Amino acid sequence: MGTRVRVGVIGAGGIARGAHLPGYAKIPEEATVVAISDIDEPRAQQVADEFGIARVYADFNEMLAQEELDLVSVCTPPFMHCAASVAALNAGVNVICEKPMAMNAAEGEAMIAAAQQNDKMLTIGFQSRYGERAQFLKHLIEQGELGDIYFARVLALRRRGIPWWGVFVEKDKNGGGPLIDIGVHTLDLTLWLMGHPTPTAVSGAVFTKLAKRPGLYSRRVPIDQSRYTVEDFATAQIRFDTGAVINLETSWALNIENEVNAYICGTEGGATLRPLKILKEVPNAGLLDCTPAHEEGREHNHAGQFAQVVRNVKEGTPPLVKAEEALTVQRIVDAIYESGETGQMVAIE
Ligand SMILES: NC(=O)c1ccc[n+]([C@@H]2O[C@H](COP(=O)([O-])OP(=O)(O)OC[C@H]3O[C@@H](n4cnc5c(N)ncnc54)[C@H](O)[C@@H]3O)[C@@H](O)[C@H]2O)c1
């Protein structure tokens with residue numbers, strides 16, 4: 001490989017323009033985006049002009065055939081994550097695919113199989129793990145500050161925050177609603193902080209109570225509710241082989257305040273992610289705020305993610321977000337949707 005990682009981007013929408021392209025632009029000595037593809041070719045051309053990208057393709061297969069790439073950013077909606085990632089991996093190119101990994105775990109497994117067969121890296125865009133706050137908390141947990149973690153609350157709650165642009169509200173293209181869209185971020189982060197215990201069973205409940213109400217106000221834009229085929233709220237209890245439990249709540253519309261947070265409780269202490277706080281038992285004093293001095297830092301760190309992933313490609317080192325870990329998130333998501341539908345607890349093999 002030359003000195004610069006040659007990047008191709010598939011999908012020229014919000015996340016490509018807002019995170020991937022600015023992320024690569026911050027490390028011009030390390031990476032250069034040489035091509036971009038979108039079925040909406042004029043959009044791809046506009047983005048190419050904005051970011052100085054040399055070549056534009058309407059068909060990502062043509063881009064993969066024509067270009068010499070080291071890394072592909074998959075920035076399409078979820079229904080294309082598997083097809084685009086597998087095509088890139090089969091073309092011998094490393095992949096960072098946006099979250100959620102895929103529409104379901106079966107697709108995630110196909111993506112991992114393609115990565116293994118071609119001996120290429122596959123990672124998923126869970127950029128919260130690269131955030132300074134999460135990194136600091138991970139360090140504290142690894143030092144044993146929380147002891148044996150046996151309970152966590154995972155919240156990704158928007159009171160009125162339905163993404164009406166693109167295809168986020170269409171089940172057959174997005175795979176689901178807030179659970180698969182925003183719940184996966186905080187769930188992935190918490191599983192990582194907990195050291196990736198193995199999930200064994202899920203009891204979930206899934207609702208669409210508010211999103212289709214006439215006159216629903218969400219982010220001040222006119223909304224086409226006829227397209228809305230996903231949940232607006234999901235909650236679940238997830239059990240692990242260690243005996244630990246996570247309670248998860250995630251919404252795009254719920255009569256509650258906004259909160260994106262993780263509360264992690266262990267035998268030696270408890271942690272809150274936003275703002276970062278550590279509670280510990282102090283002998284003869286009680287449970288006190290023992291948060292070490294720290295910079296609050298960024299929660300999301302897209303720039304850090306791309307710098308790290310490019311380094312991984314150059315050095316052939318494993319990514320921070322392993323595809324197998326993202327697959328576990330996907331398995332939990334599948335089980336929550338199944339449990340919501342059947343009303344039964346669902347075992348995870
Ligand atoms: N990591 C994060 O925090 C974060 C934030 C926002 C979005 N995302 C994820 O990024 C992905 C894209 O979201 P977005 O907000 O950019 O959506 P978007 O609708 O703005 O853009 C998606 C783009 O993909 C294009 N596309 C669709 N099919 C294609 C194909 N076959 N080949 C090439 N291009 C194709 C569309 O034309 C569109 O331009 C989703 O999976 C979303 O969940 C992640």
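Me: How far apart are the axes of H6 and helix H8 (residues 178-193), and at what angle do these helices pack?

Reply: In general, a pair of packed helices is described by two quantities, the angle between the axes and the distance between them. In this predicted model, the axes of H6 and H8 (residues 178-193) lie 10 Å apart, and the packing angle is about 30°. Angles under 35 degrees count as roughly parallel, so H6 and H8 are roughly parallel to each other.

Me: Which residues make the contact between H6 and H8?

Reply: From H6, the participants are Ala-134, Gln-135, Leu-137, Lys-138 and Ile-141, while H8 supplies Leu-189, Trp-192 and Leu-193. Sorted by class, this contact of H6 with H8 has 6 nonpolar, 1 polar and 1 charged residues.

Me: How should the pair formed by helix H4 (residues 81-90) and helix H5 (residues 105-118) be read?

Reply: The same description by angle and distance between axes applies to two packed helices. Here the axes of H4 and H5 come within 9 Å and cross at roughly 5°; H4 is therefore roughly parallel to H5. On the H4 side the contact involves His-81, Cys-82, Ser-85, Val-86, Leu-89 and Asn-90, and on the H5 side Glu-107, Ala-110, Met-111, Ala-114, Ala-115 and Asn-118. These residues divide into 7 nonpolar, 4 polar and 1 charged.

Me: Cys-82 belongs to that contact. How many disulfides does the model contain?

Reply: The criterion is a pair of cysteine sulfur atoms within 2.5 Å, and the count by this rule is 0 disulfides. For Cys-82, the nearest cysteine sulfur is that of Cys-97, at 8.9 Å. For Cys-265, the nearest is that of Cys-290, at 15 Å.

Me: Are Cys-82 and Cys-265 buried or exposed?

Reply: Buried means under 20% relative accessible area. Cys-82 counts as buried because its relative accessibility is 14%. Cys-265 has a relative accessible area of 28% and is partly exposed.

Me: Where is Gln-127 placed, and is this residue buried or exposed?

Reply: Gln-127 sits in the loop between strand E6 (122-124) and helix H6 (132-142). With a relative accessibility of 5%, Gln-127 counts as buried.

Me: Which residues is Gln-127 in contact with, leaving aside its neighbours within four places in sequence?

Reply: With those neighbours left aside, Gln-127 is in contact with His-185, His-300, Asn-301, His-302 and Gln-305. In the case of His-302, a polar contact of 3.4 Å joins its side chain to that of Gln-127.

Technical notes:
Residues numbered from 1 in each chain as written. Predicted model: local features only at pLDDT ≥ 70, side-chain atom pairs only at ≥ 80, totals over all residues. Heavy atoms only, no water. Axes fitted to C-alpha atoms, helices over the stretch in contact; angles between N-to-C directions. Helix = DSSP H or I, 4+ residues; strand = E, 2+ residues; numbered from the N terminus. Parallel < 35°, antiparallel > 145°, perpendicular 65-115°, else oblique. Contact = heavy atoms within 4.5 Å. Nonpolar A, V, L, I, M, F, W, Y, C, P; charged D, E, K, R; others polar. Buried < 20%, exposed > 50% of the residue type's maximum accessible area, 1.4 Å probe, protein only. Polar contact = N/O pair within 3.5 Å; in protein donor to acceptor, adjacent residues only side chain to side chain.
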